[in-house]
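User: Hi, I have a chain open here and want to talk through its side chains and its empty spaces. Can you take me through it?

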Amino acid sequence: MINNNNYYYYYYYYYYYIIYTSQTKQWEGKALHGRYPKRMKEADVDHHKTNQWLKSSGLKAEMEGFIVAAQDQSLATRSYHASIIKDGTSPLCRMCNKYDETIDHIVSGCPELAKTEYTHRHDKAATYIHWKVCRNYNIKTSEKWYDHKPDVTILWDMPIHTDREITANRPDIVIKDHKTKTCKFIDMAVPSDRNTSVKVIEKLSKYKDLEIETSRMWSMRTETIPVIIGALGAIKKGLETYLGRIPGQISISELRKITLLVTAHILRRVLSS
């Protein structure tokens, strides 16, 4: 038998569920603003880890609000002005003047920003990984990862010379462990949130020939470890497993924080220019 207190509890819970479900469906049904919530429901996305940053990111409230607005496609890009506000603004990107200036274009698709800003974001995140790996092997490092200047004890952004010519021969980080006879190629990417799965497959395929050739040359078991973070924070299922293969206990939260901070910087720089 349900007493009055329980009755009101269940009624409130049911009412809240109906309202929440209805609002979520309305949100997902929007052509523009519904893209992100629909993407988060796809099978390859780790929904829990993707949204965990809202609880423990270490970011200021203002920054969190800015990132959420970007996820919701609610920032005043030229495409937004042209198609939503319809004020006569040209939708073309103010940086490259070739493609429509959408949020996705700014954070991961602009050829002009790719020359500097995307490389900077990639290197920031990869430097953190390299710093953690070096500390795991007791190699001298700075106290803070952002002061860390990688050396070549563990290869950083250097081509691997092989007997057979291989085009894709420059992973971000190479760890050769002579004790365990293993070699790890770690390669970082920060694509659009919708392309995280594609990028993982691309990385694994890209370095397959290099894996085979270095295994033969060095008599080591070689593997490629893709580290992929969505530009707006999406985490693909399986990332935790990949990071677990890297020495040094790499933190998903720290990687995402680094990525989101630089993404926010890119968005602000473009939208204020």
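Analyst: Sure. This is a predicted model. Let me begin with two charged residues: Glu223 is buried, and Lys184 is buried as well.

User: What do the side chains of Glu223 and Lys184 do?

Analyst: They meet in a salt bridge, 3.0 Å from N to O. The pair links distant parts of the chain. Glu223 is in strand E4, residues 221-228, and Lys184 is in strand E3. They are 39 residues apart.

User: How many salt bridges are there in the whole structure?

Analyst: A search finds 18. As background, side chains of opposite charge can pair when their charged atoms come close.

User: Give me another. Which residue does Arg39 meet in a salt bridge?

Analyst: Glu42, at 2.7 Å from N to O. Arg39 has 8% relative accessibility, so it counts as buried. Glu42 is at 41%, so it counts as partly exposed.

User: And Lys115, buried or exposed?

Analyst: Lys115 is exposed, with a relative accessible area of 58%. Its side chain forms a salt bridge with Glu112, 3.1 Å from N to O. Glu112 is partly exposed, at 34%.

User: Which residues are linked in a network of salt bridges?

Analyst: Asp163, Arg164, Glu213 and Arg216.

User: Switching to rings. How many aromatic pairs do you count?

Analyst: Zero.

User: OK, charges over rings then. What lies over the face of Trp218?

Analyst: Lys176, at 3.9 Å from the ring centre. There is also Arg268: its charged end sits over the ring of Phe66, 4.4 Å from the centre.

User: Now the backbone. What is phi of Lys86?

Analyst: It is near 55°, a positive value in a residue other than glycine. Lys86 is in the loop between helix H6 (78-85) and helix H7 (103-109). Lys86 is exposed, with a relative accessible area of 64%.

User: And what about phi of Asp157?

Analyst: Asp157 has a positive phi of about 50°, although it is not a glycine. Look for Asp157 in the loop between strand E1 (155-156) and strand E2 (173-177). At 36% relative accessibility, Asp157 counts as partly exposed.

User: On to the empty spaces. How many cavities of 30 Å³ or more are there?

Analyst: Two. The largest cavity holds about 50 Å³ of space. The second largest holds about 30 Å³.

User: Which residues line the largest cavity?

Analyst: Val200, Pro226, Ile228, Lys236, Lys237, Gly238, Leu239 and Tyr242. E4 and helix H12 (239-244) each supply at least two residues of that lining. By type, the lining has five nonpolar, one polar and two charged residues.

User: Same for the second largest cavity. What lines it?

Analyst: Trp53, Ser56, Ser57, Ser253, Arg256 and Lys257. Helix H4 (53-56) and helix H13 (252-271) each give at least two of the lining residues. H13 has the largest share, three residues.

User: How does that lining divide into nonpolar, polar and charged?

Analyst: One nonpolar, three polar and two charged.

User: Now pockets. What is the volume of the second largest pocket?

Analyst: About 380 Å³. There are 17 residues lining this pocket, and those closest to its centre are Tyr118, His122, Met188, Ala189 and Val190.

User: Which element gives the largest share of that pocket's lining?

Analyst: H9, with six residues. Helix H9 (117-136), strand E3 (182-189) and helix H10 (196-206) each supply at least two lining residues.

User: And the mix of residue types around the second largest pocket? How many are charged?

Analyst: Six are charged, along with seven nonpolar and four polar.

User: Good. Which things should I click on, as a recap?

Analyst: Start with the salt bridge of Glu223 and Lys184. Then view Lys176 over the face of Trp218. Next, go to the positive phi of Lys86. Finish at the second largest pocket, with Tyr118 and His122 among the residues closest to its centre.

Notes: Residues are numbered from 1 along each chain as its sequence is written. This is a predicted model: local features need pLDDT of at least 70, side-chain atom pairs count only at pLDDT 80 or more; totals for chains, interfaces and linings use all residues. Side-chain values use heavy atoms; hydrogens and water are left out. On a 1 Å grid over the protein atoms alone, a cavity is a set of points where a 1.4 Å probe fits but cannot get out, and a pocket is an open set with protein on both sides within 12 Å along at least five of seven lines; lining residues have an atom within 4 Å of a point. Grid points are joined across faces, edges and corners, and a volume is the space filled by probe spheres set on the points. Helices (H or I, at least four residues) and strands (E, at least two) are DSSP runs, numbered from the N terminus. Ala, Val, Leu, Ile, Met, Phe, Trp, Tyr, Cys and Pro count as nonpolar, Asp, Glu, Lys and Arg as charged, and the others, Gly among them, as polar. Rings of Phe, Tyr and Trp (its six-membered ring) pair if their centres lie within 6.5 Å; planes under 30 degrees apart count as stacked, over 60 as edge-to-face and the rest as tilted. A charge sits over a ring if NZ of Lys or CZ of Arg is within 6 Å of the ring centre and within 35 degrees of the ring normal. A salt bridge is a side-chain nitrogen of Lys or Arg within 4 Å of a carboxyl oxygen of Asp or Glu. Buried means under 20% relative accessible area, exposed over 50%, partly exposed in between (1.4 Å probe, protein chains only).
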